[in-house]
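Got a model open and not sure how to read what is packed inside? Let's go through a few features together.

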Amino acid sequence: GSEEHTMAHSNDEIRGVLIQAGEHRLLLPNATVAEVLTRAPVEPIADMPDWLPGRIDWHGWPVPLVAFGRLSGNANEPVALNSKIVVLKALSGDKDRPYFALLTPSFPRLVSVPRDGLLADATEEALPVGVQMRVPLGDEAALLTDLEYIAVMITDALASVARSP
């Protein structure tokens, strides 16, 4: 059956979650996705960069919300606050802010990426901000997100405001 097939190949493949963000398709490691919300009330944060439109309250955590398209350079990307929200583990080791979230217009898809596929385009120089590498996926590349880097950018942005009274 097909189930044995996927089990047998699990070591050669990385389970990922594919989301649309602006004009990019982002690949997130499955293990970093905490939850997908169909919607959540977004609380705006004053004086934030345009890629950080606000935060949501998730199980009591204030989770910063990132508009990835804007973060990676498309400043005009509309932020539809009725989008789906993907809550991610930040991977930065910040105990105060263990999560952040990405806006996406459509439901994430589960994908399996061959491990050797993750090396394919690593030589390419010009990658958007917050991206580790381009991964060939079907007929179109996906961008493997650099969650640690994004978490650091969030921390920096929030810290700059926290210093004011």
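What follows is a short chat about cores, aromatic pairs and one threonine in this predicted model.

Q: Which residues touch the most other members of the largest nonpolar core?
A: In soluble globular proteins, nonpolar side chains tend to be buried together. Here the largest such core has 27 residues, and Leu-28, Phe-100 and Leu-102 touch the most other members. Helix H3 (147-162) is among the elements giving two or more residues, and H3 supplies the largest share, 7 residues.

Q: What else is there beyond that core?
A: There's a second, separate core of 12 residues, with Leu-37, Trp-58, Val-87 and Leu-103 among them.

Q: How many aromatic pairs turn up, and how do I read their geometry?
A: A search of the whole structure gives 2. Look at the angle between ring planes: over 60 degrees counts as edge-to-face. Trp-58 and Tyr-99 have ring centres 4.8 Å apart and planes at 70°, so they are edge-to-face. This pair joins strand E4 to strand E7, 41 residues apart. Trp-61 and Tyr-99 also sit at 70°, with centres 6.0 Å apart, so that pair is edge-to-face too. Together, Trp-58, Trp-61 and Tyr-99 make one aromatic cluster.

Q: Is Trp-61 buried or exposed?
A: Under 20% relative accessible area is buried, and over 50% is exposed. Trp-61 is at 33%, so call Trp-61 partly exposed. Trp-58, at 9%, is buried.

Q: And what does the side chain of Thr-104 reach?
A: The backbone oxygen of Ser-106, at 3.4 Å. Thr-104 lies in strand E7 and is buried, at 0% relative accessible area.

Key. Residues are numbered from 1 along each chain as its sequence is written. This is a predicted model: local features need pLDDT of at least 70, side-chain atom pairs count only at pLDDT 80 or more; totals for chains, interfaces and linings use all residues. Side-chain values use heavy atoms; hydrogens and water are left out. Helices (H or I, at least four residues) and strands (E, at least two) are DSSP runs, numbered from the N terminus. Buried means under 20% relative accessible area, exposed over 50%, partly exposed in between (1.4 Å probe, protein chains only). A polar contact is a pair of N or O atoms within 3.5 Å; within protein, one must be able to donate a hydrogen and the other to accept it, and residues adjacent in sequence count only if both atoms are side-chain atoms. A nonpolar core is a set of buried Ala, Val, Leu, Ile, Met, Phe, Trp, Tyr and Cys residues joined through side-chain atoms within 4.5 Å. Rings of Phe, Tyr and Trp (its six-membered ring) pair if their centres lie within 6.5 Å; planes under 30 degrees apart count as stacked, over 60 as edge-to-face and the rest as tilted.
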